[in-house]
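Colleague: Could you take me through this model feature by feature, giving the general idea first and then the case at hand?

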Amino acid sequence: MRRGMFITFEGIDGSGKSSQAQLLTDTLKTLGHDTLRTREPGGSQGAEEIRRLLVEGDPDRWSAMTEILLFTAARRDHLEKTIKPGLAAGKIVVSDRFADSTRVYQGAARADLRDVVDQLHALMIGREPDLTFIIDMDPAAALTRGLARQSGEDRFEELGLEFQEKLRTGFLALAKDFPDRCHVINGARDMDVIAAGIAQITSDYLK
Ligand code: ADP
Ligand code: TYD
């Protein structure tokens with residue numbers, strides 16, 4: 001049986017992660033791979049409940065520290081209930097966001113809490129993806145896309161353009177910290193063109 005593989009999509013809000021996670025999953029399925037698409041925060045029943053606490057309501061609802069704990073609790077449940085069982089069954093698990101989001105959103109952009117994020121990750125998660133696609137694009141364009149969705153989950157998007165600029169810088173720095181698994185993808189192109197590039201990198205990895 002083929003060993004499982006863990007792929008994540010990262011980037012600022014509205015950059016096209018969900019669309020690309022869906023397109024890659026479809027392509028992998030067409031190629032005959034057993035594939036599981038999931039997301040964070042969420043991806044398991046308990047983590048989806050925590051997601052609601054995180055993405056709805058006032059932007060100042062939680063302290064930075066409480067927020068890190070909630071994201072980590074959700075991730076631990078997601079890992080136990082969805083990711084690990086999927087990988088153990090030999091699946092390709094594709095997640096829309098994972099630990100890099102906490103490193104950037106909580107660890108760099110909002111407060112200098114990267115040490116806490118890293119320690120909690122080591123203690124509670126301890127797993128990195130095999131392959132990470134960082135979808136990079138201009139925050140102003142991404143913000144317009146995201147707010148146009150009107151999903152009712154805009155607590156983070158409402159933090160504004162300056163914040164999204166910091167996130168972009170944070171994700172690009174992260175790609176340099178983890179060059180083996182991270183691929184920076186230009187998200188300001190046609191969806192299908194982006195998807196083709198991502199599918200190519202994934203098939204090269206699978207060879
Ligand atoms: P994210 O998951 O990063 O927030 P989504 O995949 O949900 O982003 O995309 C946000 C919005 O932008 C959606 O309405 C989606 O259809 C649109 N979108 C995604 N990728 C592209 C693209 N390459 N070009 C134009 N619009 C896009
Ligand atoms: P998501 O549903 O991926 O939002 P979007 O589709 O707009 O990109 O994630 C919800 C929000 O949660 C998003 O603004 C990013 C934020 N987030 C963190 O701040 N830390 C994390 O660890 C994760 C996973 C998400």
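**Reading the ligand site and the core**

Modeller: An oxygen atom of ligand 1 is found 2.4 Å from an N or O atom in the side chain of S18, and, as with everything that follows, this comes from a predicted model.

Colleague: How far from an oxygen atom of ligand 1 does a polar side-chain atom of S19 lie?

Modeller: For S19, the distance from a polar side-chain atom to an oxygen atom of ligand 1 is 2.5 Å. The backbone takes part as well, since a backbone N or O atom of G16 lies 2.9 Å from an oxygen atom of the ligand. Taken on its own, ligand 1 has 560 Å² of accessible area, of which the protein covers 73%.

Colleague: Which elements give two or more residues to the shell around ligand 1?

Modeller: Those elements are helix 1 and helix 8, and helix 1 supplies the largest share of the shell, three residues. In total 13 residues surround the ligand, the closest being G14, K17, S18, S19 and R189. By character, the shell divides into three nonpolar, six polar and four charged residues.

Colleague: Turning to the interior, which residues of the largest nonpolar core touch the most other members?

Modeller: A nonpolar core is a set of buried residues joined through side-chain atoms within 4.5 Å. Here the largest such core has 15 residues, and I7, F9, F133 and I198 are the ones that touch the most other members. Two or more residues each come from strand 1 (5-11), helix 1 (17-30), strand 3 (92-96), strand 4 (131-136) and helix 8 (191-206). Apart from this core lies another, of 12 residues, among them V104, F171, L174 and A175.

Colleague: With which residues is I7 in contact, leaving aside its neighbours within four places in sequence?

Modeller: With those neighbours set aside, I7 is in contact with L24, L28, I92, V93, V94, S95, L131, F133 and T202.

Colleague: Is T202 buried or exposed?

Modeller: The cut-off to keep in mind is that buried means under 20% relative accessible area. T202, whose place is in helix 8, has a relative accessible area of 0% and is therefore buried. A polar atom of the T202 side chain lies 2.8 Å from the backbone oxygen of I198. Beyond its neighbours within four places in sequence, T202 is in contact with I7, L24, L28, L131 and F133.

Colleague: And why does A199 count as buried?

Modeller: A199 counts as buried because its relative accessibility is 17%, which falls under the 20% cut-off. This residue is also found in helix 8, and, once neighbours within four places in sequence are left aside, A199 is in contact with L24 and T27. The C-alpha atoms of A199 and Q45 are separated by 29 Å, with the two residues 154 residues apart along the chain.

Colleague: Then the backbone: what kind of peptide bond joins E40 and P41?

Modeller: The bond joining E40 and P41 is a cis peptide, with omega about -10°. P41 itself lies in the loop between strand 2 (35-39) and helix 2 (45-55).

Colleague: What is phi of R97 near?

Modeller: Phi of R97 is near 80°, a positive value in a residue other than glycine. R97 sits in the loop between strand 3 and helix 4 (99-110), and with a relative accessible area of 11% R97 is buried.

Conventions
Residues are numbered from 1 along each chain as its sequence is written. Chains are lettered from A and ligands numbered from 1 in the order in which they are written. This is a predicted model: local features need pLDDT of at least 70, side-chain atom pairs count only at pLDDT 80 or more; totals for chains, interfaces and linings use all residues. Side-chain values use heavy atoms; hydrogens and water are left out. Buried means under 20% relative accessible area, exposed over 50%, partly exposed in between (1.4 Å probe, protein chains only). Helices (H or I, at least four residues) and strands (E, at least two) are DSSP runs, numbered from the N terminus. Contact means heavy atoms within 4.5 Å. A residue is near a molecule or strand if one of its heavy atoms lies within 4 Å of it. A polar contact is a pair of N or O atoms within 3.5 Å; within protein, one must be able to donate a hydrogen and the other to accept it, and residues adjacent in sequence count only if both atoms are side-chain atoms. Accessible areas come from the Shrake-Rupley method with a 1.4 Å probe; for residues, only the protein chains shown count as cover. Ala, Val, Leu, Ile, Met, Phe, Trp, Tyr, Cys and Pro count as nonpolar, Asp, Glu, Lys and Arg as charged, and the others, Gly among them, as polar.
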